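Let's take a relaxed walk through a protein model. Have the sequence and the 3D view open side by side as you read.

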Amino acid sequence: MAEFASSGCLFFDELIDEQTNKEFLDDIGHTDIDKADSVNDFYKNIKATSSIPRIPAGTPLKEAFPKNSPLDKIFKNEVVEGAITSLVGSNTIVDHQFLHITFPTKYFNQANQRQMSQANHQDSTIDPRSTFDVQLFYFPTEVTKEMGGTRYHPGTHLRIVNEMAIAKYQNILGQKSIVCKPGTIGIFHSGLWHGAGVNFSENIRYMFKVRLQPTEKQELLWDPEKKYQPLPNRALYWTDETKDQTINDILMRSYPWQEADTNRLDKINVVKFWRLLTGHKKMDVDYWLTRIENELY
Amino acid sequence: MAKRQKVLVLYLKFPSLEAEVISWATFDGTGKKLHMTGDSDTPPYPTGLDALLDGWRLFQASQAIPEQPGEEYRTSYLKHEFFFEKLEEGDF
Ligand SMILES: [Fe+2]
């Protein structure tokens with residue numbers, strides 16, 4: 001949970017079994033690029049034949065997918081279920097879902113189009129809430145480096161920006177791209193900056209996404225016995241390096257893209273986020289909030 | 001001979017050209033190279049000053065705007081933005 005609070009993302013490599021991946025790919029009619037004429041026709045076919053249902057926004061996740069369909073099996077995986085319950089609760093609702101398909105270079109050459117990556121953005125719109133949504137990603141096939149898997153920027157989730165208004169940041173230090181084995185699941189905080197890469201391989205790249213909303217406060221959903229206790233203050237700057245690493249080191253992690261000044265605000269926002277996630281409204285890490293809350297006038 | 005503009009945008013760690021580059025974008029008006037999002041993991045220069053030393057001309061820098069009262073801890077866009085250009089002559 002501290003890792004999610006700090007970076008805004010979690011990954012579970014090869015979580016979904018081979019059989020379910022195969023069922024998912026069969027269900028959407030996965031085929032060679034040579035047999036896919038146009039992006040539109042490809043989507044039309046999938047929409048016409050696959051078991052992926054049309055889900056009205058606000059439908060409970062529990063009622064969203066047909067029983068025993070590949071997606072039903074994925075959401076019943078105990079790790080997926082546990083992660084979703086921990087982040088958005090067991091009564092989460094579906095905002096939307098989409099099967100993202102990234103076509104390889106060959107397709108763009110045939111269609112005489114310029115093949116460009118997707119610019120960096122934050123999904124949806126300006127979101128100043130304390131509540132957060134999650135976006136769950138499922139990769140049914142292997143994603144190699146050249147397939148241009150989703151690019152993301154760890155630690156950007158608490159920066160409040162307006163969707164594509166971050167598109168001018170072509171490259172950001174510390175940027176990562178998803179490279180994974182089939183069956184990998186990724187979970188992003190809804191504020192995480194990201195964009196789709198370019199697919200320079202010979203194969204079609206798929207990514208199935210579901211955005212989930214909580215219906216309850218996201219406080220200790222990950223700790224049903226409510227045992228979490230914040231760690232006591234530790235020495236600052238003149239520190240004791242012999243001490244073991246704690247979750248406070250995860251919460252206080254810096255990211256290479258952060259400005260020297262704003263990096264401190266990023267830490268403050270992680271502590272504020274951790275207060276919400278733990279319900280300890282006065283807790284602090286490394287005195288960032290205690291110092292500025294010591295207002296005597 | 002015609003002239004074309006190449007634009008380099010650098011985001012720095014703090015608002016001085018000595019500071020390290022944390023984000024960058026290049027737009028090539030000569031058409032020789034198509035830059036796009038995510039096309040490089042290493043900054044073109046370690047600092048803003050290194051871009052000047054390589055002949056880039058600074059034409060815009062972000063101003064220091066005081067944080068709005070009550071919103072001092074809100075974080076948003078990258079703050080220290082510097083726009084550079086190079087003009088290239090040729091037959092385009
Ligand atoms: Fe997106």
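What follows starts where the chains meet and then goes into each chain. Keep in mind that this is a predicted model.

## Where the two chains meet

Start with the contact zone. On one side, chain B puts in 30 residues, and these are in contact with 41 residues of chain A. Together the two chains bury about 2,900 Å² between them, and carbon and sulfur atoms give 52% of that area. If you want to know who does the most on the chain B side, look up Thr37(B), Tyr73(B) and Thr75(B): they lose the most area to chain A, together 25% of what that side buries.

Why talk about area at all? The size of an interface is often given as the accessible area lost when the parts come together.

## Charges and polar contacts across the gap

How many salt bridges does the rule find across the interface of chain B and chain A? There are two. You can pick out a salt bridge between the side chains of Lys79(B) and Asp261(A), with 3.0 Å from N to O. Polar contacts are there as well: the count is 23 residue pairs between chain B and chain A, with both residues at pLDDT 80 or more.

Now see which strands are involved. Strand 1 (2–12) and strand 2 (21–28) of chain B each supply at least two residues of the side that touches chain A. Strand 2 of chain B gives the most, with seven residues. Sorted by class, that side of chain B has 14 nonpolar, nine polar and seven charged residues.

## A strand pair that crosses chains

Strand 2 of chain B also pairs with a strand of the other chain. Its partner is strand 6 (residues 171–172) of chain A, and the two pair in the antiparallel sense over two bridges. To find the spot, look for Asn171(A), which stands opposite Trp24(B).

## Strands inside chain B

Back within chain B, strand 1 has two partners to look at. With strand 4 (residues 81–90) of chain B, strand 1 pairs in the antiparallel sense over ten bridges, and here Tyr11(B) has Glu81(B) as its bridge partner. Seven bridges join strand 1 to strand 2 of chain B, again antiparallel, with Leu12(B) standing opposite Val21(B).

## Strands inside chain A

In chain A, three strands form an open sheet in the order 7-5-9, with antiparallel pairing. Strand 7 (176–177) and strand 9 (194–195) stand at the edges with a single partner strand each, so one side of each has no neighbour in the sheet. Strand 5 (residues 151–152) pairs with strand 9 over two bridges, and Arg151(A) has Gly195(A) as its bridge partner there.

Elsewhere in chain A, strand 3 (residues 93–102) pairs with strand 2 (residues 59–60) in the antiparallel sense over two bridges. Thr59(A) stands opposite Val94(A) in that pairing. Strand 3 is also joined to strand 10 of chain A by nine bridges, and these two run antiparallel. Leu99(A) and Phe208(A) are bridge partners in this pair.

## A closer look at Gln218(A)

Gln218(A) lies in the loop between strand 10 (205–213) and helix 7 (247–251) of chain A. Is Gln218(A) buried or exposed? Its relative accessibility is 9%, so Gln218(A) counts as buried, the cut-off being under 20%.

What surrounds Gln218(A)? Leaving aside neighbours within four places in sequence, Gln218(A) is in contact with Leu87(A), Val88(A), Thr131(A), Phe132(A), Leu276(A) and Leu277(A). With Leu87(A) there is a polar link too: the backbone oxygen of Leu87(A) lies 3.2 Å from a polar atom of the Gln218(A) side chain.

Definitions and conventions
Residues are numbered from 1 along each chain as its sequence is written. Chains are lettered from A and ligands numbered from 1 in the order in which they are written. This is a predicted model: local features need pLDDT of at least 70, side-chain atom pairs count only at pLDDT 80 or more; totals for chains, interfaces and linings use all residues. Side-chain values use heavy atoms; hydrogens and water are left out. Contact means heavy atoms within 4.5 Å. Buried area is the accessible area (1.4 Å probe) that two parts lose on being put together, summed over both. A salt bridge is a side-chain nitrogen of Lys or Arg within 4 Å of a carboxyl oxygen of Asp or Glu. A polar contact is a pair of N or O atoms within 3.5 Å; within protein, one must be able to donate a hydrogen and the other to accept it, and residues adjacent in sequence count only if both atoms are side-chain atoms. Helices (H or I, at least four residues) and strands (E, at least two) are DSSP runs, numbered from the N terminus. Ala, Val, Leu, Ile, Met, Phe, Trp, Tyr, Cys and Pro count as nonpolar, Asp, Glu, Lys and Arg as charged, and the others, Gly among them, as polar. Two strands pair if DSSP finds at least two bridges between them. Buried means under 20% relative accessible area, exposed over 50%, partly exposed in between (1.4 Å probe, protein chains only).
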